[in-house]
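The following paragraphs lead the reader through a protein model, with attention to its charged side chains and to one of its helices. Please keep the structure in view while reading.

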Amino acid sequence: MVIRTIAEVPEPKVGRGFVPTMGALHEGHLSLIRKAREENEEVVVSIFVNPTQFGPNEDFARYPRQLEKDVDMAVEAGADWFFAPEPSEMYPRRSTSVHVPEVTERFEGERRPGHFDGVATIVLKLFNIVKPTIAYFGRKDLQQCLVIRRMVLDLNVPVELRFCETIRETDGLAKSSRNMYLSEEERKVAPTLYRELSRLRDEKILDEKALELSRSRIRDAGFELDYLDVVDLDTMQAKTGETTDQAIVVAAKIGKTRLIDNVLLNR
Ligand code: AMP
């Protein structure tokens, strides 16, 4: 069942798991749906390409849209019903917007001005409409997880959050709806990002020299590198101390396609 309007969304009667997506579903999304199926009596998936999280020169217009196929795949993975509104249903007028401070300042927030305001606002709206017990997000979008965690904490949003592992192709490339944009040649070099992240993680030498070597390898493979850095997971700032949870984050463009990835560091 696909619900198109807010008024038709049923009140939850049992534990409701919720997986917000922009559609063009792949194994990454399906893993979240399967996890939600394990932990909840009801599983809801939203499919909404949210205009407010795209910059003016980004891929909103060409973002892949394939509702029927998505519904079939998600039902197979355990979804009960879908919320797939039109932009006019979600934004009938200029909207109030949610701004999460600090964790949005660097990396994706810095490169994509307004992106996380768009994300936080749509996620809060979806939470208020769907009223989930537990909501599921992928660690592939690590900074997004931190932004949502901070919003839920700061605004006392009554929802439990689960951040799930990144699902990858066999060569390590993180699954993404945007991988569809890659040419055959670009697809071949795309796994360089994860290869460098895992090498840094496994070698455990994370000084500036090691990072610089990985940066040049990524550039040499044909990427335009945005950033490759070690970050503190509490603040999403460049590494501050040895004791906190950390990750290595990367964003780089190959041709017209911008890819992001990360690995967590367990110390
Ligand atoms: P999107 O449709 O790109 O907005 O993604 C919807 C949700 O799926 C987000 O929580 C993403 O982090 C998650 N997701 C996307 N790709 C992956 C992946 N490769 N592995 C796990 N989760 C993912």
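A residue is called buried when its relative accessible area is under 20%, exposed when that area is over 50%, and partly exposed in between. With these limits in mind, the charged pairs of this predicted model can be placed in their surroundings. Glu203 has a relative accessibility of 44% and is therefore partly exposed. The side chain of Glu203 meets that of Arg199 in a salt bridge, with 3.3 Å from N to O. Both residues belong to helix 8 (residues 192-203), where they stand 4 residues apart, about one turn of the helix.

In general, side chains of opposite charge can pair when their charged atoms come close. Over the whole structure, a search finds 30 salt bridges. One of them joins Glu27 to Arg34, whose closest N and O atoms are 3.1 Å apart. Glu27 is partly exposed, at a relative accessible area of 33%, and Arg34 is likewise partly exposed, at 37%.

A further pair is found in another setting. Asp59 forms a salt bridge with Arg178, and the closest N and O atoms of this pair are 2.7 Å apart. Asp59 lies in the loop between strand 3 (42-47) and helix 2 (67-77), whereas Arg178 lies in the loop between strand 6 (160-164) and helix 7 (184-189), so the salt bridge ties together parts that are 119 residues apart in sequence. Asp59 counts as buried at 10% relative accessibility. Arg178 is also buried, with a relative accessible area of 19%.

Salt bridges may also be linked to one another. Lys35, Glu38, Glu39, Glu160 and Arg162 are connected in a network of such bridges.

The description now turns to helix 6. This helix, residues 142-154, contains 13 residues and reaches 18 Å from its first C-alpha to its last, close to the 18 Å expected at 1.5 Å a residue. Its buried residues include Leu142, Leu146, Val147, Ile148, Met151 and Val152. Gln143, Gln144 and Cys145 are buried in helix 6 as well. The buried residues of helix 6 pack against two other helices, helix 4 (108-111) and helix 5 (115-130). They also pack against strand 5 (134-138), strand 6, strand 9 (246-254) and strand 10 (257-265). Just after helix 6, Asn156 adopts a positive phi of about 50°.

How values were computed. Residues are numbered from 1 along each chain as its sequence is written. This is a predicted model: local features need pLDDT of at least 70, side-chain atom pairs count only at pLDDT 80 or more; totals for chains, interfaces and linings use all residues. Side-chain values use heavy atoms; hydrogens and water are left out. A salt bridge is a side-chain nitrogen of Lys or Arg within 4 Å of a carboxyl oxygen of Asp or Glu. Buried means under 20% relative accessible area, exposed over 50%, partly exposed in between (1.4 Å probe, protein chains only). The expected span of a helix is 1.5 Å times one less than its number of residues. Contact means heavy atoms within 4.5 Å.
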